[in-house]
Amino acid sequence: MTRAELAGKIVNITNDYFEKGIDIVIAQGKDVDLYLAKLPRISFDLKGKTAGMVKTRYNDVNIRFNLDIASIPENTQNFLLRTIPHEVAHTFVSVYHPDADNHGSIWRRWMISLGAKWEDTTRCHNYAGVKRARKVTQYAYHCSRCSRDVWMGAIRHKKTQKQETLYLHNCGGKLPADEFTGKVRIQE
Ligand SMILES: [Zn+2]
Ligand SMILES: [Zn+2]
């Protein structure tokens, strides 16, 4: 299968799962949300170690897939059986249960309703040929406005310490150099 053929296959399978999801919504007696009134927009612009992702914004549902991962022969089958229903389930959960846990019981029930096997509802996929993300060091600042810890990457931390830039927390609080707590963590 060429990449283009695989992409076409992924689009068809995604649309099939999506239509199945719409049937489930209707069978549950729910209204079909405006978001779901048309087929999702499917793109193949995802890179790196993430296999799939959904973005729901206004009435645009965008399911993004990583064709590099899908096209490695030993991954293709799992990609079709797991990653596609995984993302389609996220789509329905994000519309009908916006406060539900990402990979919690509601999402898992959606996966099963769409026809995925229980063992495919585990959240981590071990796909071949996927480079692990590099480790990043983060630095905690205390936000005096909301008194939360705010984690900064190395570049922001350096600029803050040199007083080149004054970053703000999304609450509007300031994060000056002397609010560095000394806490450092390494994220993978
Ligand atoms: Zn997920
Ligand atoms: Zn804050």
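Me: Two strands pair if DSSP finds at least two bridges between them, and helices (H or I, at least four residues) and strands (E, at least two) are DSSP runs, numbered from the N terminus. So how many bridges join S4 and S5?

Reply: Bear in mind that this is a predicted model, in which local features need pLDDT of at least 70, side-chain atom pairs count only at pLDDT 80 or more, and totals for chains, interfaces and linings use all residues. Residues are numbered from 1 along each chain as its sequence is written, while chains are lettered from A and ligands numbered from 1 in the order in which they are written. Strand S4 (residues 136-142) pairs with S5 in the antiparallel sense, and the number of bridges is five.

Me: Which strands sit at the edges of the sheet that holds S4?

Reply: That sheet is open, with three strands in the order S5-S4-S8 and antiparallel pairing. An edge strand here pairs on one side only, which holds for S5 (149-153) and S8 (180-187).

Me: Which residue of S5 stands opposite Tyr-141, and what angle does H5 make with S5?

Reply: Opposite Tyr-141 you'll find Val-150 of S5. Helix H5 (residues 154-161) packs on the sheet and touches S4 and S5, where contact asks for C-beta atoms, placed from the backbone, within 7 Å. Axes are lines fitted to C-alpha atoms, for helices over the stretch in contact, and angles run from 0 to 180 degrees between N-to-C directions. By that reckoning, the direction of H5 makes with that of S5 an angle of about 100°.

Me: What about the other sheet: what is the order of its strands?

Reply: It's an open one too, of three strands and mixed pairing, and the order is S1-S3-S2. Its edge strands, each pairing on one side only, are S1 (41-43) and S2 (52-57). Neighbouring strands are turned against each other by 20° on average, direction ignored. So much for the edges; the order, again, is S1-S3-S2.

Me: Which residue of S3 is the bridge partner of Arg-57?

Reply: S2 and S3 (residues 60-65) are antiparallel partners over six bridges. Within S3, Arg-57 has as its bridge partner Asp-60.

Me: Which helix lies across S2 and S3?

Reply: Look at residues 73-96, which run at about 25° to S2. They make up helix H3.

Me: Are H1 and H3 parallel, perpendicular or oblique to each other?

Reply: Helix H1 (residues 3-27) packs on H3 at about 40°, with the axes 10 Å apart. Angles under 35 degrees count as roughly parallel, over 145 as roughly antiparallel, 65 to 115 as roughly perpendicular and the rest as oblique. That's why H1 and H3 come out as oblique.

Me: And is the crossing of H3 and H4 left-handed or right-handed?

Reply: The axes of H3 and H4 (residues 105-113) come within 9 Å and cross at roughly 125°, so this pair is oblique. A crossing is left-handed if the near helix is turned anticlockwise from the far one by less than a right angle, and right-handed if clockwise. The H3 and H4 crossing is right-handed.

Me: How far apart are the C-alpha centres of domain 1 and domain 2?

Reply: Domain bounds come from an automatic or database domain assignment, which gives domain 1 as 3-121 and domain 2 as 136-187. The distance between their C-alpha centres is 36 Å.

Conventions. Two residues are in contact if their C-beta atoms, placed from the backbone, lie within 7 Å.
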